[in-house]
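Colleague: I have a protein model open and would like to learn how to read it. Can we go through some features together?

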Amino acid sequence: MNLRMGEFKVHRVRFFNYVPPGIRCVAYNNQSNRLAVSRTDGTVEIYNLSANYFQEKFFPGHESRATEALCWAEGQRLFSAGLNGEILEYDLQALNIKYAMDAFGGPIWSMIASPSGSQLLVGCEDGSVKLFQITPDKIQFERNFDRQKSRILSLSWHPSGTHIAAGSIDYISVFDVKSGSAIHKMIVDRQYMGVSKRKCIVWGVAFLSDGTVISVDSAGKVQFWDSATGTLVKSHLVANADVQSIAVADQEDSFVVGTAEGTVFHFQLVSVTSNSTEKQWVRTKPFQHHTHDVRTVAHSPTALISGGTDTHLVIRPLMEKVEVKNYDAALRKITFPHRRLISCSKKRQLLLFQFAHHLELWRLGSTVATGKNGDTLPLSKNADHLLHLKTKGPENIICSSISPCGSWIAYSTASRVFLYRLNYEHDNISLQRVSKMPAFLRSALQILFSEDSAKLFVASNQGSLHIIQLLEGSFKHLHTFQPQSGTVEAMCLLAVSPDGNWLAASGTSAGVHVYNVKHLKLHCTVPAYNFPVTALAIAPNTNNLVIAHSDQQVFEYSIPDKQYTEWSRNVQKQGFHHLWLQRDTPITHISFHPKRPMHILLHDAYMFCIIDKSLPLPNDKTVLYNPLPPTNESDVFRRRTAHAFKISKIYKPLLFMDLLDERTLVAVERPLDDIIAQLPPPIKKKKFGT
């Protein structure tokens, strides 16, 4: 579909059939205020909650790694386990998997770290509970606890570290850690709304300091047990379906549970009467931010976090901790990755779409019709699906790119980089794989072609940057920039200047390095800033580097002068509009108008913006989302209110937007309804009175 928007013709693309994988586990780390999220395809993402909830790192999925459990241990170390029976540890610096270790108990259903963080406990299909010691560079099996009759679906450690609770099918076991023997078995009632079910699955347990064990189960119940006597103290029926997850606040005064009906319930410990010391657990109102089942929950000091089949990560701040007056402004719903899955060949008007196990190449449609602003123009030629390129093997694609000329496609998985040459003959495309790629190109986090399509820049997960010269159907390795001073920090974002002379690279911490491609040396490092970089680009002619950070600040740095530009200094002096800083999705793409050096084009998932550096910045008293610029000289008011920011919110969710030429934009949208339509149907809820 084509649309006119102001001075641009816009290709409005909705055929990117992307569905994010569902969320399986979340694990919150109090020390670093980070959240690890695992998805149903084995992908693991790390969100920095202090950096405006930015998804700063990710580990690509793998077909055989269905993650069932995720936990932090020993401070900053991250582990996962799953149905293939393996425990994995992630390298958060180099962004790869350190090792995988078989626990020899069949599929692993649950895993938890000890209160001290020095031990790991896993619950297996064969009814075994296994204890591992965490050593500086690996984990070591220590011993088995008494084997139970059925699989161990949930685990919780008593804060003192002396006992653990294990949820199974129809019962909960309490173990003494020292001896490894079960000291209590608490049988869970199979009754569900007066009807006895075949079995009751204990999906979650939480062990509190006072010896209470809270359990959640497939009969829709939240139950409180006395672990000293093994008796049931209280039971709440909260759902007509499974309660699948539980998480308790560090202070033990509040906990959260998630149900298969998409509801999240919050329980708080409150005094029975105003002057009484006796307290009881009270269920506060339910929250329905999900359309499908909530598979996992976490409780941070300031928020309730939930995720599930509908693919949304929902972060709901606790009202007493929120300074924002408007409650909705405080709720976060993160659906799309904070990285690009789309690249574009402007010359041939092609879009390359990245999926987990294949790439799709499309040619944009065209129109001969004309119209006025806002008109939808009919297509005289429809978009063409030119190519479906499937990967071999179980690994997901990490990153991909098409060259500006449209003749090269490159992509990477966790173990190798692939390069293809495309030949076009009328409407036929032939594909030729470039074999014998250099051995050091094992895995790339980011791939980028130069503007003239003659060079390929590859950022490896070991922190080095490779430059490859592309020849007719082969290549030549030109140079490798090694990581700075002994670090192995992975580089996640790359930008190359249109003249091909400069390459900017940014890692997961805040610094941006700029390399001179001609002389093959480091040119300068942009001063570190304490929020991660979310997008970068180098402007034509001026070679100014524009950097967006997760706190919504935008800087402009002159590469030739090795300093911030005057415009950037003025911006920092005056500050951005408060509504700009309150936006809650990161800028993922920056580009420039070839004929208008004063314009910076950028977008996040909910807005597209042109910053005109020749106009004054808006202050907090002016309207940020302002009308169009003046149409005639006499329109004094509009001239007076015109400011640097032109923002459009027509397109959303916006996964990609760029200029194809001076007068044409391409916008790729992914409406949420289209994603929901492709998910399995949610559990049917009974409406009252039916």
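**Reading the model, feature by feature**

Modeller: Start with a glycine. Gly575, just after α2, takes a positive phi of about 90°. Keep in mind that this is a predicted model.

Colleague: Which residues of helix α2 are buried?

Modeller: Buried means under 20% relative accessible area. In α2, which runs over residues 566–574, Trp567, Ser568 and Val571 are buried. They lie on the same side of the helix, because they cover an arc of only 100° around the axis of α2.

Colleague: And what sits on the face turned away from the buried side of α2?

Modeller: That face carries Glu566 and Lys573, both exposed.

Colleague: What covers the buried residues of α2?

Modeller: The cover includes four strands: β52 (554–558), β53 (563–564), β55 (596–603) and β56 (608–612).

Colleague: Now strands. In which sense do β40 and β41 pair?

Modeller: Two strands pair if there are at least two bridges between them. Here β40 (residues 417–425) and β41 (residues 428–433) have six bridges, in the antiparallel sense. Take one position: Leu422 stands opposite Leu431 in β41.

Colleague: How many residues lie between β40 and β41?

Modeller: Two, and the strands form a hairpin. Look at His426 in the turn: its phi is positive, about 55°.

Colleague: Which residues other than glycine have a positive phi elsewhere?

Modeller: Tyr53 is one of them, with phi near 60°. Find Tyr53 in the loop between β5 (44–48) and β6 (54–59). Glu74 is another, with phi near 45°. Its place is the loop between β7 (67–73) and β8 (77–82).

Colleague: Are these two residues buried or partly exposed?

Modeller: Compare each value with the cut-off. Tyr53 has 18% relative accessibility, so Tyr53 counts as buried. Glu74 has 37%, so Glu74 counts as partly exposed.

Colleague: Let me try a residue in a strand. What surrounds Phe475?

Modeller: First place the residue. Phe475 is found in β45 (residues 475–481). Its relative accessible area is 21%, so Phe475 is partly exposed. Next, set aside the neighbours within four places in sequence. Phe475 is then in contact with Val434, Ser435, Lys436, Met437, Pro438, Ile468 and Gln469.

Colleague: How far is Phe475 from Ala454?

Modeller: Their C-alpha atoms are separated by 9.7 Å, and the two residues are 21 apart along the chain.

Colleague: Where is there a cis peptide bond?

Modeller: Look at omega. The bond that joins Lys652 and Pro653 is cis, with omega about -20°. Pro653 is found in the loop between β57 (645–648) and β58.

Colleague: Last topic, cavities. How many does the structure hold?

Modeller: Seven of 30 Å³ or more. The largest has a volume of about 250 Å³. Its lining has 21 residues, and the closest to the centre are Phe336, Pro337, His338, Ala605 and Leu655.

Colleague: Which strand gives the most to that lining?

Modeller: β32 does, with three residues. β32 (332–334) and β58 (654–661) each supply at least two residues of the lining.

Colleague: What classes of residue make up the lining of the largest cavity?

Modeller: Twelve are nonpolar, four polar and five charged.

Technical notes: Residues are numbered from 1 along each chain as its sequence is written. This is a predicted model: local features need pLDDT of at least 70, side-chain atom pairs count only at pLDDT 80 or more; totals for chains, interfaces and linings use all residues. Side-chain values use heavy atoms; hydrogens and water are left out. Buried means under 20% relative accessible area, exposed over 50%, partly exposed in between (1.4 Å probe, protein chains only). The arc is that of the directions from the helix axis to the C-beta atoms. Contact means heavy atoms within 4.5 Å. On a 1 Å grid over the protein atoms alone, a cavity is a set of points where a 1.4 Å probe fits but cannot get out, and a pocket is an open set with protein on both sides within 12 Å along at least five of seven lines; lining residues have an atom within 4 Å of a point. Grid points are joined across faces, edges and corners, and a volume is the space filled by probe spheres set on the points. Ala, Val, Leu, Ile, Met, Phe, Trp, Tyr, Cys and Pro count as nonpolar, Asp, Glu, Lys and Arg as charged, and the others, Gly among them, as polar.
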